[in-house]
Amino acid sequence: MLACVDVDYREDLTVAACVLFRDWVDGVEAGHHVDRGPRAAEYEPGQFYRRELPHLLRVLALVTQPLEAIVVDGYVWLGQDKPGLGAHLHEALGRAVPVIGVAKTSFHSSDVALPVLRGQSQRPLFVSAVGLSTTAAAESIQRMHGASRMPTLLGRVDRLCRES
């Protein structure tokens, strides 16, 4: 099973969502989980992962099937040997599951993300990974269902967070 995860911050709570799917080309989810938890910690410069990681771990704890990979909205690496959200998630999961980061904007010091163009968009997604090669991760994101820049199931997990 594969998973896409995302987090949405609200004034009084935080919503984390996980969309499960069986193959990179799937356009329909196999299932999903939502966790409505406490307010996220305040943002700390350079420590973004502290804000999202507890919520991602809670929603991933609801998944009963073994995961082959997890896709996060953001970076795995912020630069050479500088861990981002995805790298911290990988460590928190005991390095048992590869994590792929998909970011919508370029991070000035991230020299380890590969740009991926999808559909007719001229704006790339920026893909980084841990537990598998960045090239393999970029190929998987390229293969994901959807004719637009954003893969279908990444859009689905984003909407699930915002609408739950």
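1. Is Ser-128 buried or exposed? In this predicted model, Ser-128 has 0% relative accessibility and therefore counts as buried, the cut-off for that class being under 20%. Ser-128 belongs to strand E9, which covers residues 125-130.

2. The surroundings of Ser-128 can be described from its side chain outwards: that side chain reaches the backbone nitrogen of Val-76 at 2.8 Å. When neighbours within four places in sequence are left aside, the residues in contact with Ser-128 include Tyr-75, Val-76 and Trp-77, together with Val-99, Ile-100 and Gly-101, and also Thr-134.

3. Strand E9 takes its place in an open sheet of 7 strands, ordered E3-E2-E1-E4-E7-E9-E8 and mixed in its pairing. The edges are formed by strand E3 (31-37) and strand E8 (114-116), each of which pairs on one side only, and the twist from one strand to the next averages 25°.

4. At the E3 end of that order, strand E2 (residues 14-21) runs antiparallel to E3 and is joined to it by 7 bridges; one of the pairings places Ala-16 opposite Asp-35, its bridge partner in E3.

5. Two helices lie across the strands. Helix H3 (residues 134-143) crosses E4, E7, E8 and E9, at about 130° to E9, whereas helix H4 (residues 152-163) lies across E1, E2, E3, E4 and E7, at about 150° to E2.

6. Asp-81, in the loop between strand E5 (77-79) and strand E6 (82-83), counts as exposed because its relative accessibility is 73%. Asp-81 and Val-112 are 31 residues apart in sequence, with 9.5 Å between their C-alpha atoms; Val-112 is also among the contacts of Ser-128.

Conventions
Residues are numbered from 1 along each chain as its sequence is written. This is a predicted model: local features need pLDDT of at least 70, side-chain atom pairs count only at pLDDT 80 or more; totals for chains, interfaces and linings use all residues. Side-chain values use heavy atoms; hydrogens and water are left out. Helices (H or I, at least four residues) and strands (E, at least two) are DSSP runs, numbered from the N terminus. Buried means under 20% relative accessible area, exposed over 50%, partly exposed in between (1.4 Å probe, protein chains only). A polar contact is a pair of N or O atoms within 3.5 Å; within protein, one must be able to donate a hydrogen and the other to accept it, and residues adjacent in sequence count only if both atoms are side-chain atoms. Contact means heavy atoms within 4.5 Å. Two strands pair if DSSP finds at least two bridges between them. Axes are lines fitted to C-alpha atoms, for helices over the stretch in contact, and angles run from 0 to 180 degrees between N-to-C directions.
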